[in-house]
Amino acid sequence: MIIKDRQELEVKCSPVTIKEGEEIGARLLHELRESKNGIGLAANQIGINKRVCVVNVKEPLVLINPKIVKKSKEQFVFAEGCLSFPNKKIKTTRYQDIVVEADNHKKQLSFSAKSEEINDAFECACVQHEIDHLDGITMFERELKRKPVVNGINAPQKIGRNEKVTITKGTESKVLKYKKAQGMLEDGWTLSI
Ligand SMILES: [Zn+2]
(Lines give C-alpha, C1' and ligand atoms only; values in the text may rest on other atoms or scores of the structure.)
Protein backbone atom coordinates (compact mmCIF):
# COMPACT_ATOMS: atom_id res chain seq x y z
CA MET A 1 0.00 0.00 0.00
CA ILE A 2 1.49 3.28 -1.07
CA ILE A 3 0.61 6.37 0.95
CA LYS A 4 -1.10 9.01 -1.15
CA ASP A 5 -1.76 11.61 1.52
CA ARG A 6 0.52 14.62 1.13
CA GLN A 7 0.41 15.58 4.81
CA GLU A 8 1.40 12.12 5.92
CA LEU A 9 4.43 12.38 3.66
CA GLU A 10 5.55 15.69 5.15
CA VAL A 11 7.31 14.06 8.08
CA LYS A 12 11.08 13.84 8.48
CA CYS A 13 12.30 10.24 8.69
CA SER A 14 14.75 9.01 11.35
CA PRO A 15 18.08 7.19 10.83
CA VAL A 16 18.31 3.40 10.82
CA THR A 17 20.96 0.75 11.37
CA ILE A 18 22.35 -0.85 8.21
CA LYS A 19 20.71 -4.17 9.11
CA GLU A 20 17.26 -2.63 9.55
CA GLY A 21 17.86 -0.50 6.47
CA GLU A 22 18.63 -3.55 4.34
CA GLU A 23 15.36 -5.20 5.38
CA ILE A 24 13.40 -2.06 4.57
CA GLY A 25 15.31 -1.72 1.27
CA ALA A 26 14.30 -5.23 0.21
CA ARG A 27 10.64 -4.45 0.94
CA LEU A 28 10.86 -1.21 -0.99
CA LEU A 29 12.37 -2.91 -4.04
CA HIS A 30 9.58 -5.47 -3.89
CA GLU A 31 6.92 -2.72 -3.74
CA LEU A 32 8.64 -0.90 -6.58
CA ARG A 33 8.52 -3.97 -8.81
CA GLU A 34 4.83 -4.41 -7.97
CA SER A 35 4.16 -0.83 -8.98
CA LYS A 36 5.28 -1.67 -12.55
CA ASN A 37 5.99 1.91 -13.62
CA GLY A 38 7.85 3.32 -10.60
CA ILE A 39 11.58 4.12 -10.66
CA GLY A 40 12.02 5.06 -7.01
CA LEU A 41 10.39 4.71 -3.62
CA ALA A 42 11.07 6.02 -0.12
CA ALA A 43 10.26 4.16 3.12
CA ASN A 44 7.76 6.77 4.33
CA GLN A 45 5.72 6.17 1.18
CA ILE A 46 4.89 2.74 2.60
CA GLY A 47 4.38 4.01 6.15
CA ILE A 48 7.90 3.41 7.55
CA ASN A 49 9.36 6.72 8.71
CA LYS A 50 12.98 5.62 8.39
CA ARG A 51 15.78 6.97 6.19
CA VAL A 52 15.83 4.34 3.46
CA CYS A 53 14.99 4.76 -0.21
CA VAL A 54 15.46 2.83 -3.41
CA VAL A 55 16.03 3.87 -7.00
CA ASN A 56 15.80 1.54 -9.96
CA VAL A 57 16.72 3.26 -13.19
CA LYS A 58 19.85 1.54 -14.44
CA GLU A 59 20.12 -0.98 -11.62
CA PRO A 60 18.43 -1.46 -8.24
CA LEU A 61 20.05 0.83 -5.71
CA VAL A 62 19.29 0.87 -1.97
CA LEU A 63 20.32 3.98 -0.04
CA ILE A 64 20.46 3.79 3.77
CA ASN A 65 20.69 7.13 5.62
CA PRO A 66 21.62 8.91 2.36
CA LYS A 67 22.97 12.46 2.34
CA ILE A 68 23.70 14.79 -0.54
CA VAL A 69 27.20 16.01 0.28
CA LYS A 70 27.87 18.01 -2.89
CA LYS A 71 25.62 19.63 -5.45
CA SER A 72 26.28 21.71 -8.55
CA LYS A 73 25.15 25.27 -9.02
CA GLU A 74 23.67 24.27 -12.36
CA GLN A 75 20.17 22.94 -12.34
CA PHE A 76 18.05 21.23 -14.95
CA VAL A 77 14.35 21.09 -15.63
CA PHE A 78 12.71 17.72 -15.41
CA ALA A 79 9.20 16.35 -15.87
CA GLU A 80 8.57 14.40 -12.69
CA GLY A 81 6.02 11.98 -11.34
CA CYS A 82 5.55 10.22 -7.98
CA LEU A 83 3.93 6.92 -7.00
CA SER A 84 2.12 8.76 -4.20
CA PHE A 85 0.50 11.13 -6.71
CA PRO A 86 -0.15 8.82 -9.66
CA ASN A 87 -1.97 11.27 -11.89
CA LYS A 88 0.33 14.24 -11.42
CA LYS A 89 3.26 15.16 -13.58
CA ILE A 90 5.05 18.42 -12.85
CA LYS A 91 8.12 20.25 -14.05
CA THR A 92 10.75 20.53 -11.37
CA THR A 93 14.25 21.91 -11.12
CA ARG A 94 16.95 19.58 -9.85
CA TYR A 95 20.71 19.88 -9.39
CA GLN A 96 22.62 18.78 -12.47
CA ASP A 97 25.32 16.98 -10.47
CA ILE A 98 25.18 15.52 -6.99
CA VAL A 99 27.43 13.42 -4.77
CA VAL A 100 25.71 11.17 -2.27
CA GLU A 101 26.95 9.31 0.79
CA ALA A 102 24.99 6.42 2.26
CA ASP A 103 25.83 4.10 5.17
CA ASN A 104 25.60 0.97 3.01
CA HIS A 105 28.02 2.27 0.35
CA LYS A 106 31.71 2.57 1.17
CA LYS A 107 32.34 4.97 -1.69
CA GLN A 108 30.61 8.19 -2.53
CA LEU A 109 28.07 7.92 -5.35
CA SER A 110 27.98 10.50 -8.14
CA PHE A 111 24.97 11.24 -10.28
CA SER A 112 24.91 13.62 -13.20
CA ALA A 113 22.42 14.75 -15.79
CA LYS A 114 25.23 16.20 -17.87
CA SER A 115 25.47 13.35 -20.35
CA GLU A 116 22.93 12.97 -23.13
CA GLU A 117 21.97 9.53 -21.87
CA ILE A 118 18.38 10.02 -20.68
CA ASN A 119 18.76 7.39 -17.93
CA ASP A 120 21.52 9.43 -16.26
CA ALA A 121 19.14 12.36 -15.93
CA PHE A 122 16.34 10.10 -14.71
CA GLU A 123 18.59 8.54 -12.08
CA CYS A 124 19.99 11.90 -10.96
CA ALA A 125 16.51 13.43 -10.57
CA CYS A 126 15.11 10.28 -8.96
CA VAL A 127 17.82 10.12 -6.27
CA GLN A 128 17.09 13.77 -5.36
CA HIS A 129 13.34 13.10 -5.35
CA GLU A 130 13.69 10.10 -3.00
CA ILE A 131 16.11 11.78 -0.59
CA ASP A 132 13.67 14.70 -0.46
CA HIS A 133 10.92 12.28 0.60
CA LEU A 134 13.03 11.25 3.61
CA ASP A 135 13.10 14.91 4.65
CA GLY A 136 9.34 15.20 4.25
CA ILE A 137 9.68 17.14 0.99
CA THR A 138 7.48 16.29 -1.97
CA MET A 139 8.15 17.16 -5.62
CA PHE A 140 5.64 20.01 -5.41
CA GLU A 141 8.16 21.99 -3.38
CA ARG A 142 10.65 21.69 -6.26
CA GLU A 143 8.22 22.84 -8.88
CA LEU A 144 9.72 25.11 -11.52
CA LYS A 145 8.72 28.64 -10.67
CA ARG A 146 7.84 30.88 -13.53
CA LYS A 147 9.44 34.30 -13.67
CA PRO A 148 7.36 36.98 -11.94
CA VAL A 149 5.15 39.16 -14.06
CA VAL A 150 6.99 42.41 -14.90
CA ASN A 151 4.91 45.50 -15.68
CA GLY A 152 1.93 43.35 -16.48
CA ILE A 153 3.85 41.42 -19.11
CA ASN A 154 4.72 37.83 -18.43
CA ALA A 155 8.48 37.96 -18.87
CA PRO A 156 9.61 35.13 -21.12
CA GLN A 157 11.88 32.56 -19.55
CA LYS A 158 15.37 33.14 -20.80
CA ILE A 159 17.19 29.92 -21.49
CA GLY A 160 20.96 29.78 -21.85
CA ARG A 161 22.44 27.92 -24.83
CA ASN A 162 24.20 25.44 -22.59
CA GLU A 163 21.33 25.03 -20.16
CA LYS A 164 19.81 21.54 -19.98
CA VAL A 165 16.21 21.25 -21.04
CA THR A 166 13.75 18.41 -21.35
CA ILE A 167 11.99 17.98 -24.67
CA THR A 168 9.16 15.60 -25.40
CA LYS A 169 7.49 14.11 -28.46
CA GLY A 170 4.63 11.72 -27.77
CA THR A 171 5.84 9.40 -25.02
CA GLU A 172 9.52 9.98 -25.76
CA SER A 173 11.59 12.49 -23.84
CA LYS A 174 15.19 13.65 -23.96
CA VAL A 175 17.38 15.87 -21.82
CA LEU A 176 19.92 17.90 -23.75
CA LYS A 177 21.49 21.30 -24.12
CA TYR A 178 19.14 24.01 -25.30
CA LYS A 179 21.33 24.80 -28.31
CA LYS A 180 20.87 21.22 -29.53
CA ALA A 181 17.19 21.10 -28.61
CA GLN A 182 16.39 24.24 -30.60
CA GLY A 183 16.77 22.53 -33.98
CA MET A 184 14.55 19.65 -32.89
CA LEU A 185 11.70 21.91 -31.87
CA GLU A 186 10.84 22.37 -35.54
CA ASP A 187 10.65 18.62 -35.80
CA GLY A 188 7.62 18.07 -33.57
CA TRP A 189 9.43 18.11 -30.21
CA THR A 190 8.14 20.42 -27.52
CA LEU A 191 10.07 22.07 -24.75
CA SER A 192 9.02 21.05 -21.25
CA ILE A 193 9.24 24.43 -19.60
ZN1 LIG B 1 7.81 10.31 -4.84
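Two residues count as in contact here when heavy atoms of theirs lie within 4.5 Å of each other. With that in hand, let us walk through this structure, which is a predicted model.

A good place to begin is N44, in the loop that runs between β1 (40–42) and β2. Setting aside neighbours within four places in sequence, N44 is in contact with I3, L9, V11, C13, N49, H133 and L134. Despite its place in a loop, N44 is buried, with a relative accessible area of 1%. For a sense of distance, compare N44 with N162: the two are 118 residues apart along the chain, and their C-alpha atoms are separated by 37 Å.

One of the contacts of N44, H133, takes us straight to the metal site. The zinc ion has three protein donors, C82 through SG, H129 through NE2 and H133 through NE2, at 2.0 to 2.2 Å. Along the chain these donors follow the spacing C-x46-H-x3-H. The two histidines both belong to helix α3 (residues 118–134), and because they are four residues apart there, about one helical turn separates them. Both are buried as well: H129 has a relative accessible area of 5%, and H133 has 1%. Water is not among the atoms, so the site may look incomplete.

Now step back to the whole chain. Its secondary structure consists of four helices and 13 strands. The radius of gyration is 17 Å, close to the 16 Å that the globule rule gives for 193 residues, so the chain is as compact as a globular protein of that length. Taken along the principal axes, the C-alpha atoms fill a box of roughly 50 × 35 × 30 Å. Buried residues account for 45% of the 193. As for how the chain folds back on itself, take the contacts between residues at least 6 apart in sequence: 62% of them join residues at least 24 apart. On the outside, the chain exposes about 10900 Å², with carbon and sulfur atoms supplying 48% of that area.

What lies inside? The largest nonpolar core has 23 residues, and L63, F76, F111 and V127 are the ones that touch the most other members. Two or more residues each come from β2 (52–56), β3 (60–64), β5 (75–82), β7 (97–101), β8 (109–112) and α3. Helix α3 gives the largest share, seven residues, and this is the helix that also holds the zinc-binding H129 and H133. A second, separate core of 15 residues includes I2, L41, I46 and I64. Such groupings fit a broad pattern: in soluble globular proteins, nonpolar side chains tend to be buried together.

F111 lets us look at the surroundings of one core residue in detail. Beyond its neighbours within four places in sequence, F111 is in contact with L61, Q96, D97, I98, V100, E123, C124 and V127. Q96, one of these partners, sits in the loop between β6 (85–95) and β7. At 8% relative accessibility, Q96 counts as buried. Leaving out residues up to four places away in sequence, Q96 touches S72, E74, Q75, F76, F111, S112, A113, K114, C124 and K164.

C124 appears in the contacts of both F111 and Q96, which raises a question about cysteines: how many disulfides does the structure hold? The number is zero. C53 is in no disulfide, and the nearest cysteine sulfur, that of C126, is 8.2 Å away. For C124, the closest cysteine sulfur is also in C126, at 10 Å, which is too far for a bond. C53 and C124 are both buried, C53 at 0% relative accessibility and C124 at 0% too.

Finally, two backbone details are worth a look. K36, in the loop between α2 (18–35) and β1, has a phi near 70°, a positive value in a residue other than glycine. N65, in the loop between β3 and β4 (67–71), also has a positive phi, of about 50°, although it is not a glycine. Their surroundings contrast: K36 counts as exposed at 75% relative accessibility, whereas N65 counts as buried at 12%.

Conventions
Residues numbered from 1 in each chain as written. Predicted model: local features only at pLDDT ≥ 70, side-chain atom pairs only at ≥ 80, totals over all residues. Heavy atoms only, no water. Donors = N, O, S within 2.8 Å, 3.2 Å for Na, K, Ca; no water. Buried < 20%, exposed > 50% of the residue type's maximum accessible area, 1.4 Å probe, protein only. Disulfide = S-S within 2.5 Å. Rg over C-alpha atoms; globule rule 2.2 N^0.38 Å. Areas by Shrake-Rupley, 256 points an atom, 1.4 Å probe, with all protein chains shown as cover. Core = buried A, V, L, I, M, F, W, Y, C linked by side-chain atoms within 4.5 Å.
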